[in-house]
Amino acid sequence: MSGLSACGKQDDPNHIEFMTGMSTGTAQLEAMQQLVDEFEEENPGVTINLIAGTTSYEQDLRVRLAGRNAPDIWNTHGWSRDRYANFLEPLQTRDWADDVNPLIMGSISKDDGSFYALPLDVAVTGIFYNEEVLEAAGVDPEDIQSWDDFSEACAAITETGATCLGASGKDNYTAGNIADYMLPSVYTDDQLDQLLDGTFVKEPYIEMADILAQWRDAGYFNIDYSSATFDDLARRMAQNELAFLFNPNGGAQNVLAYNPDAKLGFMPYPSAVGDPYLITGEDYALGVSKDSAAKENALKFIDFMAEPEHMQVFNAVVNNAPALTTIKPEMGVVQSSYDKWVTEKDTGTTLIFDRVYLPNGMWNTLITTTDSIINGQVSSEDAAQQMETSFISLYRRKS
């Protein structure tokens, strides 16, 4: 209904349609509504219609763009440069552009320095964990340096009656996240170069898939994977029944909603080809349609969001690093993890794997193959073959 009503105001320069990608009832959408209300109060006559995200957000957005019916502002969810740049207004000349956190510039900017979205946060993502569950099993995150170490930790955690690793077949992006965050740990630099040149290297993918299959067979995933939702996982972590999630830090808000006193943190991903690492990249980011009738006011809202006092409001509910250097990191429950691994230990980072090394459109294949491995429906070799077929097809289409 909201999408249809917005179409009637498509040519109104004072009406902004904003596809948020943020689900109804989330702290992120509530914070954004607070900021929109403040903007509207400061700019009488301008209205912003927030469109909540759904599980079909990406497909909905593609349909809108294909139909030349782009929203005025949309959350680019990691693809402002590689998927949406042709539809978006360049932002590198805005007053705040020089303040963008260098951690994220590699994933949002082109070689000429142009970029197309205001990042609202910088995902500095590790393996998200419940500290009390680990302590009960005698597991110290600093001791986990390899995937063998992680498997040993899972065995100890399972012995206590808790679940080691959570994933959701209902919200199956969680399966995609697992593969996306693990793949940098098995590909060498030479193999990554081959991916960039259009050759899918199967052996490292099979290695990663074999690890998942071993965890599945050992019972380290939640037993109700097929029917569980991410909300179920958050509740179990809040109740000290789940140890690890391969998920961005924003998931802390879901856990804290069930238990405000939950002790949470994150640790680096182990690596078989180098040192442990953290994942960085564009999480929430806002772009403005270059053809928007409300472009002037939409850009005004982007500039409003870039003001430190407004950016801080949103940053407080995502538990990620700030997107602008003008903002002091305030990461809530995971602040101590950030201080340890980022500030003190200067842990190396890598960009989100599929956004750099896989052609546009492979996210769905990454989800379905990982889901099939966790469900025991395909072998590692068959999953790798599916990945290779999709890779070749999409790479050729890109070329």
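# A guided tour of cavities, cores and salt bridges

Begin by selecting Arg81 and Asp82, whose side chains meet in a salt bridge at 2.9 Å, N to O; a salt bridge here is a side-chain nitrogen of Lys or Arg within 4 Å of a carboxyl oxygen of Asp or Glu. The model is a predicted one, in which local features need pLDDT of at least 70 and side-chain atom pairs count only at pLDDT 80 or more, while totals for chains, interfaces and linings use all residues. Residues are numbered from 1 along each chain as its sequence is written, and side-chain values use heavy atoms, with hydrogens and water left out.

Colour this first pair by accessibility. Arg81 is buried, with a relative accessible area of 19%, and Asp82 is partly exposed, at 38%. Buried means under 20% relative accessible area, exposed over 50%, and partly exposed in between, with a 1.4 Å probe and protein chains only.

**The largest cavity**

Keep Arg81 and Asp82 selected and add Gly78, Ser107, Thr280, Gly281, Leu351, Ile352, Arg355 and Val356; together these residues line the largest cavity. Strand E10 (278-282) and helix H15 (353-357) are the elements that give two or more residues to this lining. Helices (H or I, at least four residues) and strands (E, at least two) are DSSP runs, numbered from the N terminus. A cavity is a set of points, on a 1 Å grid over the protein atoms alone, where a 1.4 Å probe fits but cannot get out, and lining residues have an atom within 4 Å of a point. The space in the largest cavity is about 60 Å³; grid points are joined across faces, edges and corners, and a volume is the space filled by probe spheres set on the points.

By class, the lining has 3 nonpolar, 4 polar and 3 charged residues. In this scheme Ala, Val, Leu, Ile, Met, Phe, Trp, Tyr, Cys and Pro count as nonpolar, Asp, Glu, Lys and Arg as charged, and the others, Gly among them, as polar.

**The second largest cavity**

How many cavities of 30 Å³ or more are there? The count comes to 2. For the second largest, with a volume of about 40 Å³, select Gly166, Ala167, Thr174, Ile178, Phe230, Leu233, Leu245, Phe246 and Asn247, which line it. Helix H7 (173-182) and helix H10 (230-238) are the elements that give two or more residues to this lining. Its classes are 6 nonpolar, 3 polar and no charged residues.

**The nonpolar cores**

Phe246 leads on to the largest nonpolar core, where Tyr205, Trp215, Phe244, Phe246 and Phe301 are the residues with the most contacts inside a set of 125 residues. Such a core is a set of buried Ala, Val, Leu, Ile, Met, Phe, Trp, Tyr and Cys residues joined through side-chain atoms within 4.5 Å. Helix H9 (residues 202-218) gives the most to this core, with 8 residues.

Next, centre the view on Phe244. Leaving aside residues up to four places away in sequence, its contacts (heavy atoms within 4.5 Å) include Ile127, Phe128, Tyr129, Cys164, Met237 and Met267. A second, separate core has 11 residues, including Met19, Trp74, Tyr84 and Ala85.

**Further salt bridges**

The model has 12 salt bridges in total. Side chains of opposite charge can pair when their charged atoms come close.

Select Glu89 and Lys295, whose side chains meet at 3.2 Å, N to O. Glu89 lies in the loop between strand E3 (73-75) and helix H4 (102-108) and Lys295 in helix H12 (residues 295-306), so the pair ties together parts that are 206 residues apart in sequence. Lys295 is partly exposed, at 24%.

Return to helix H10 for Arg235 and Asp232, which lie 3 residues apart, about one turn of the helix. Their side chains form a salt bridge of 3.1 Å, N to O. Arg235 is partly exposed at 27%, whereas Asp232 is buried at 17%. Then select Glu58, Arg62 and Arg83, which are joined into one network by salt bridges that share partners.

**Two last stops**

Asn101 lies in the loop between E3 and H4. Is Asn101 buried or exposed? At 11% relative accessibility, Asn101 counts as buried. Beyond four places in sequence, Asn101 touches Val122, Pro322, Ala323, Leu324 and Thr325.

Finally, select Glu38 in helix H2 (residues 27-42). Glu38 is partly exposed at 31% and, not counting residues up to four places away in sequence, touches Phe304 and His310.

Note on methods
On a 1 Å grid over the protein atoms alone, a cavity is a set of points where a 1.4 Å probe fits but cannot get out, and a pocket is an open set with protein on both sides within 12 Å along at least five of seven lines; lining residues have an atom within 4 Å of a point.
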